[in-house]
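Visitor: I have a structure to study today. Could you take me through it step by step?

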Amino acid sequence: MMRKLFTVIALGCSLGLVACAGGNGKTVSRIDAESTTDLSGKWNDTDSRLVADEMIGSCLSSPKIDKLISSMDHTPTVVIGKVKNKSHEHISVETFTKDMERALLNSGAVDFVANSDERAELRQEVLDQRGNATEETAKELGMETGADWMMTGTINTIVDQEGGKSVIFYQIDMELTDLQSHKKLWIGDKKIKKFVSKDAVKF
């Protein structure tokens, strides 16, 4: 009798655990990485990609930049400098700068060099090759390609909120500067405004 009772209790507990595990309502599905998805209203991958493409396109299509590129005896080399996040939220600036690097490289209008953090790692690798790599394959220090221009920028936000509704305004400002003369060659901006509405909780 006791054995049957223990079996019934164990079976009941197992069914209870299955019911709890299956009752969390969580589903996961894959979506297109290029699709536009806004859940929280915060800065996301779509904003990063679209802003980078538009800003780089605007820069390279500028009459002044086009004239400068045409007058140079070589393809200008660009490096991405600091992009400061001055917004109210956490933004993956590295993802944004990588999107800009991609847009620059894909344009074919300019060459591109590694940023300061990447250069430090590359230089360490060149040093490590001394005494470890063959003389024919070891790379030399002091043979880097210097950048002609540097692109820098900032990301700012303004939030207007009342009750369950809010408007988030993003302004991304980018500048292209000549590294030799420190002249600003191009200044561009991109504005994004998002309206977020949260439904009131009903009891």
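Guide: The following conversation covers the overall layout, the sheet, a pocket and one loop residue. This is a predicted model, in which local features need pLDDT of at least 70 and side-chain atom pairs count only at pLDDT 80 or more, while totals for chains, interfaces and linings use all residues. Residues are numbered from 1 along each chain as its sequence is written, and side-chain values use heavy atoms, with hydrogens and water left out.

Visitor: How many helices and strands are there?

Guide: The chain has five helices and five strands. Helices (H or I, at least four residues) and strands (E, at least two) are DSSP runs, numbered from the N terminus. From that end, the order of elements is α-α-α-β-α-β-α-β-β-β.

Visitor: And in what order do the strands sit in the sheet?

Guide: The five strands form an open sheet in the order β2-β1-β3-β4-β5, with mixed pairing; two strands pair if DSSP finds at least two bridges between them. Each of β2 (111-112) and β5 (184-197) has a single partner strand, so one side of each lacks a neighbour in the sheet.

Visitor: What about β1 and β3, in which sense do they pair?

Guide: They pair in the parallel sense, over six bridges. Ile 80 has Met 151 in β3 as its bridge partner.

Visitor: Changing topic, how much space lies in the largest pocket?

Guide: About 310 Å³. On a 1 Å grid over the protein atoms alone, a pocket is an open set of points where a 1.4 Å probe fits, with protein on both sides within 12 Å along at least five of seven lines; lining residues have an atom within 4 Å of a point. Grid points are joined across faces, edges and corners, and the volume is the space filled by probe spheres set on the points.

Visitor: Which residues are closest to its centre?

Guide: Of the 15 lining residues, those are Ile 80, Gly 81, Lys 82, Asn 115 and Asp 117.

Visitor: Which element gives the largest share of the lining?

Guide: That is β1, with five residues. Elements giving two or more residues are β1 (77-85), α4 (93-107), α5 (116-129) and β3 (149-162).

Visitor: Last one: is Asn 44 buried or exposed?

Guide: Asn 44 is buried, at a relative accessible area of 15%; buried means under 20%, exposed over 50% and partly exposed in between (1.4 Å probe, protein chains only). Asn 44 lies in the loop between α1 (2-22) and α2 (45-60). A polar atom of the Asn 44 side chain is 3.1 Å from the backbone nitrogen of Thr 46.

Definitions and conventions. A polar contact is a pair of N or O atoms within 3.5 Å; within protein, one must be able to donate a hydrogen and the other to accept it, and residues adjacent in sequence count only if both atoms are side-chain atoms.
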